[in-house]
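User: I am new to this structure and would like to learn how to read it. Could you walk me through it step by step?

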Amino acid sequence: VIDTAVHHRWQSEEEVLAYLDPGWRGYVGTPGSLPGGAGMRPWLPRLQYVNPEGDDLHADDGVPRASTPAGLAAELLEPQLVERALLLFDRALFAPAAPNPFLSLAMVRAINDWNVDRWLEADERLYGAVLAPVQLPEEAAAEIERIGSHPKVAAVVIAAPALGKTLGHPVYDPVFRAAAELELSVVLHRGGDALVDVPSGPAGGFPLTFAEYASVAPYGLVSQLVSVLTNGVLDKYPRLRICLVGAGVTWIPSFLLRFELVYRALRREVPWVRKPIRAYFDEQIRIATYGLERPGAGEFVSRLIDVQPEIGAWVVHGSGYPSWDTVGVGDVEHAFGTARADVLHGNASDWFRWPQPARTGAAAVGGVRP
Amino acid sequence: MSATEAAPTAGLVDCDVHHLPRSGGEIVEYLPREWREFVQRTDGGTIPLKPPLKFFDHPDGVNWRLDAVPAEGGPPGSDYELLQEQLLDPYAVQTVHLNWGSSSGMPNGELAAALCRAENDWCAERWLAALDDDRLVAAVAVPMTRPDDGAAEIRRVGANSRFVSALLHYQPFGRPLGHPIYHEIYEAAAEQELPIFLHVNAGEHYAATGPLLAGGSAPNYRFEVFMTIHQPTATHLTSMIVHGVFERYPGLKVLVAEDGLAWLPGFAAVLDSNAALMRRESRWVRRRPSDYFREHVFLATQPCESATNSGASLVEHLSLFEGIERMLCFSSDYPHWDSDTVSFVRGVFPPAWHAGLFHDNARRVLRLP
């Protein structure tokens, strides 16, 4: 099994603060250095909506899940037979959208260093994504180059556009250029429109409950795909591969139908978009299972796959572990039927910049099947 | 052309047609004196009577069917003779749901309310009464800045049986339409047995309202807008379900126009999947969310997402939502550039759906006699 979406996190923010240079370390401060636990400047963007039952699966022992490599191995990798896991961060995903772009950049660099040191070096099955500080696109490109040279980095991850323009806007070009040059896939993750500090939000206005936000959250991600497609990012970098994480799959058929209609009417606006929409999906777009509709939706996903089997070739397994809506291997097997092997393994096996087997050897990457 | 295609569709209802004044002056005549003076400029013109659109114009700079421009001047949709010639007569339309309603999004909310009242009076007098054509029915333009104003206007205009829906074309509070601030509007609409009419969302394409799409404040191309056009409506309908609008007003229905169709099955599956989560935060979600769609929500067909004359893949996808054929209502969106014709729509959908989508469903949602 290849799991392309694991939400790993720290047990204590101090793990990350240790990677800041002394100037920023002093600026951020030390938790507990003032009475009542105070003394550290909050630096992670806040979310407008939280799940009333908790944003993560409940941990009986009080230790946050997925907060150490050994814990993750015991909780997820071993029981679900995961041979490669792509680590995508948890709340740290939103650090690039923090209001102070310079603090944000310093924190993102520290997070990337923490990730390489504490996680990628710790377990052969764990692979990383460069957290891209997209608020400063040139610095983001430099960060992708700095971290992207590590052999166990397989992707770049972006969760919040941060500048109030969707990700296809040319201002973000350096990010995609750097990813394309290093042959790193770009993971687009949901959730950036739920932050309190960014100039965007759910379409139509801010909902009043988490349940409503959770229902429309996929659209915040689909908007990014629309933007990347229509602004020609995939044409400018024809070998660039992207992967959407957190939108589920039910939006795909209507996206295709609508794209064909709008392309017929308005292609004059976007002359660089030359391939049929299905060719972009075949060659440059994958969708992770995270966000997969849960049992309340009945057999909708299975029926969808029956009607449009091609979707099975575009989906890769991403559990989102340990988030509240984690997708298990069993859920994927149930929903995808005969396409299950492709979704759980085959579709992801050439999508990310995994180390070449010849270079590292199967044993060195945890016994991944050839 | 097959016999069925050539034959007129008896009892046809067109759920979305736009009628406009020849000039803003026609509406100004219906404003009370103090507002007439307010909008009048010293050079003889008026201040803008419509809110500014967000910036995503059609690349040709025109949003109309070019053959719908009246020879005698005025915008498309302002000429009743042409409407008859191009739509009502050739397709034997029995009922046409006229709407316009753009002034509700004026940044000056008091002016917006005055313009909505003027527009409703103009419509009642110049179109519904003067033309003596009982095929014409219309939407109430609902003022939104103060919901009590909106409710009062629904009651005032709704007394005229030729008004058959209540158009919410603006939401001033940055909150989706299930928010309790709007409930008195629904109460009035339910009392008058008028459905809520959402035309291209709740007017998010105007400058002064909520985000047009999720995840970014402004798209770069009309293409992006058209790809994401259903997103605000999805937020609004979710909000109405979660905050109990359909439980409080069990007879209330919603007709959604110009937001596409294909998004609905997948989105309803997402909502059903989140039903337990909704019940954790709201005591109003008593049925499966998709059942609220089946009972309360109707979709006008234009522009139906079929890039060819065969609707096979659209129909196959829509069929994943049980009962969808009872929710679809034909609309042409005349005189807009991407207007769908009756013969095109007849070809897209299977014959078994025709009676529902060409007339029966519209009769279940609009307050038709």
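Analyst: Happy to! Let us begin with the surface: chain A has an accessible surface of about 13,200 Å², and carbon and sulfur atoms hold 54% of it. Please keep in mind that this is a predicted model.

User: What area does chain B expose, and what share comes from carbon and sulfur atoms?

Analyst: Chain B exposes about 13,000 Å², with 51% supplied by carbon and sulfur atoms.

User: How many helices and strands should I look for in chain A?

Analyst: Look for 14 helices and eight strands in chain A. In chain B you will find 16 helices and eight strands.

User: Why does the radius of gyration of chain A agree with a compact globule?

Analyst: The idea is to set the value beside the one expected for the chain length. A compact globule of 370 residues would have a radius of gyration near 21 Å, and chain A agrees because its value is 20 Å. Chain B, with 369 residues, also has 20 Å against an expected value near 21 Å, so it agrees as well. As for extent, the C-alpha atoms of chain A fill a box of roughly 60 × 45 × 45 Å along the principal axes, while the C-alpha trace of chain B spans about 60 × 55 × 45 Å.

User: What part of each chain is buried?

Analyst: In chain A, 62% of the 370 residues are buried. In chain B, buried residues make up 63% of the 369.

User: What can contacts tell me about residues far apart in the sequence?

Analyst: Take the contacts with a separation of 6 or more in chain A: 80% of them are between residues 24 or more positions apart. In chain B, 79% of the contacts between residues at least 6 apart join residues at least 24 apart.

User: How many charges does each chain carry, and how far apart are their centres?

Analyst: Chain A has 32 positive and 43 negative charges, and their mean positions are 6 Å apart. Chain B has 30 positive and 47 negative side chains, with 7 Å between the centres of the two sets.

User: How many residues of the two chains are in contact with each other?

Analyst: Contact joins 70 residues of chain B to 62 residues of chain A. About 5,600 Å² is buried between them, and carbon and sulfur atoms give 62% of that area. On the chain B side, Phe223(B), Met227(B) and Leu320(B) lose the most area to chain A, together 14% of what that side buries.

User: Which residues of chain B does Ala211(A) touch?

Analyst: Let us place the residue, then list its neighbours. Ala211(A) sits in helix H7 of chain A, residues 210-230. It counts as buried because its relative accessibility is 0%. Leaving out residues up to four places away in sequence, Ala211(A) touches Asn274(B), Leu277(B), Met278(B) and Glu281(B).

User: Where does Ser223(A) lie, and what does it touch?

Analyst: Ser223(A) lies in helix H7 of chain A too. With a relative accessible area of 0%, Ser223(A) is buried. Apart from residues up to four places away in sequence, it touches Thr166(A) together with Leu213(B), Ala214(B), Thr228(B) and Gln231(B).

User: Is His243(B) in a helix or a loop, and is it buried or exposed?

Analyst: His243(B) is in the loop between helix H9 (231-242) and helix H10 (245-248) of chain B. Its relative accessibility is 12%, so it counts as buried, the cut-off being under 20%. Setting aside neighbours within four places in sequence, its contacts include Leu208(A), Thr209(A) and Glu212(A) from chain A, and His183(B) and Trp284(B) from chain B.

User: How do I read which elements a helix packs against?

Analyst: Find its buried residues, then see what they meet. In helix H3 of chain A (residues 69-77), the buried residues include Leu72(A), Leu76(A) and Leu77(A). The buried residues of H3(A) pack against strand S1 (2-6), strand S2 (84-87), helix H4 (101-120) and strand S3 (126-131).

User: How many residues of helix H11 in chain B are buried?

Analyst: In helix H11 of chain B (residues 263-273), 11 of its 11 residues are buried. Among them are Trp263(B), Phe267(B) and Asp272(B).

Terms used. Residues numbered from 1 in each chain as written. Chains lettered and ligands numbered in written order. Heavy atoms only, no water. Helix = DSSP H or I, 4+ residues; strand = E, 2+ residues; numbered from the N terminus. Rg over C-alpha atoms; globule rule 2.2 N^0.38 Å. Buried < 20%, exposed > 50% of the residue type's maximum accessible area, 1.4 Å probe, protein only. Contact = heavy atoms within 4.5 Å. Areas by Shrake-Rupley, 256 points an atom, 1.4 Å probe, with all protein chains shown as cover. Lys, Arg positive; Asp, Glu negative; His and termini not counted. Charge placed at Lys NZ, Arg CZ, Asp CG, Glu CD. Buried area = accessible area lost by both parts, 1.4 Å probe.
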